[in-house]
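Let us take a friendly walk through a protein model together. Keep the sequence and the 3D view side by side as you read.

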Amino acid sequence: PIEYVEEGKHARLLPSDNTEFCFDIDFAPRLDVQQRYETNLDMASFKRHLSRARTFGFLEDVDKLRAMGLARGGSLDNAVVISGSKILNKGGLRYTDELVRHKVLDAVGDLYLAGAPIIGRYEGYRSGHALNNQLLHALFADPTAWIRTSTVDDGMDAVAADLGNWQ
């Protein structure tokens, strides 16, 4: 097991024969939303349950983000915007737990920066890109924590290869 902890947040990798993701979010006191999502990741579950989960942010942060050169392409067409406890997007959320699904989607992308799919269990609590990056650094800093292998299952390799072909 490898874990990276910072200011009440954590990301960890645990041994598993599958590619599993479990994520918990808690935005209190800013937003009264606590959600958990757990999945065994394969191409079908990625496409059906994660790929449409949009990034999200708070309306009061938009000006600050844009001043920093961020969120330049963000709009209500491609991001969930929250004001207070209200979702501003017409039609609301694509999934009732879209926020945590997007955090899982982020973690999938972050861990793919390892250069190959990771067979194991990822667990995140209020984690984000920077924390997940630190987790990968911690993983590769301990050569006893991982091995490079190949599998017959093309699950994650197929996800990476087919992303551009999905409708």
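Sorted by class, the residues lining the second largest pocket of this predicted model are seven nonpolar, six polar and eight charged. The lining has 21 residues, and the pocket's volume is about 600 Å³. To find its centre on your screen, look for Phe 27, Phe 56, Phe 58, Lys 103 and Ser 127, the lining residues that lie nearest to that point. Which elements supply at least two residues each to this lining? They are β3, β5, α2 (62–67) and α3. The biggest contributor is β5, which gives four residues. As for how such spaces are found, rolling a probe the size of a water molecule over the atoms shows where empty space is left.

Now step back to the whole chain. It has five helices and eight strands, and from start to end they follow the pattern β-β-β-β-α-β-α-β-β-α-β-α-α. The chain has 167 residues, and 37% of them count as buried. Among contacts with a separation of 6 or more, 68% link residues 24 or more positions apart. The chain exposes about 10,100 Å², with 51% of that supplied by carbon and sulfur atoms.

Next comes the interior. In soluble globular proteins, nonpolar side chains tend to be buried together. Here, the largest nonpolar core has 29 residues, and Phe 21, Leu 99 and Tyr 122 have the most contacts inside it. Two or more core residues come from each of β2 (9–14), β3 (19–26), α1 (43–50), β5 (55–58), β6 (79–83), α3 (98–112) and α4 (129–141). The helix α3 gives the largest share, seven residues.

Tyr 122 is a good residue to click on. Setting aside residues up to four places away in sequence, Tyr 122 touches Ala 11, Arg 12, Leu 13, Glu 20, Phe 21, Cys 22, Phe 23, Ala 107, Leu 111, Ser 127, Asn 132 and Leu 135. One of these partners, Phe 21, is itself among the core residues with the most contacts. Another, Ser 127, is one of the residues nearest the centre of the pocket described above.

Another residue to visit is Val 80, which sits in strand β6. Is Val 80 buried or exposed? Val 80 counts as buried because its relative accessibility is 0%, and the cut-off for buried is under 20%. Beyond its neighbours within four places in sequence, Val 80 is in contact with Arg 54, Thr 55, Phe 56, Gly 57, Ile 87, Asn 89, Leu 93, Glu 98 and Leu 99. Val 80 and Gly 92 are 12 residues apart along the chain, and their C-alpha atoms are separated by 8.1 Å.

Finally, look at two residues in loops. Each has a positive phi although it is not glycine, as the table shows.

| Residue | Phi | Place | Relative accessibility |
|---|---|---|---|
| Ala 71 | near 55 degrees | loop between α2 and β6 | 36% |
| Arg 126 | near 55 degrees | loop between β8 (120–125) and α4 | 33% |

How should we class Ala 71, given its 36% relative accessibility? Ala 71 counts as partly exposed, because 36% falls between the limits of 20% for buried and 50% for exposed. Arg 126, at 33%, is partly exposed too.

Notes
Residues numbered from 1 in each chain as written. Predicted model: local features only at pLDDT ≥ 70, side-chain atom pairs only at ≥ 80, totals over all residues. Heavy atoms only, no water. Buried < 20%, exposed > 50% of the residue type's maximum accessible area, 1.4 Å probe, protein only. Contact = heavy atoms within 4.5 Å. Areas by Shrake-Rupley, 256 points an atom, 1.4 Å probe, with all protein chains shown as cover. Core = buried A, V, L, I, M, F, W, Y, C linked by side-chain atoms within 4.5 Å. 1 Å grid on protein atoms, 1.4 Å probe; cavity = no way out; pocket = protein on both sides within 12 Å on 5 of 7 lines; lining within 4 Å. Points joined across faces, edges and corners; volume = space filled by probe spheres on them. Nonpolar A, V, L, I, M, F, W, Y, C, P; charged D, E, K, R; others polar.
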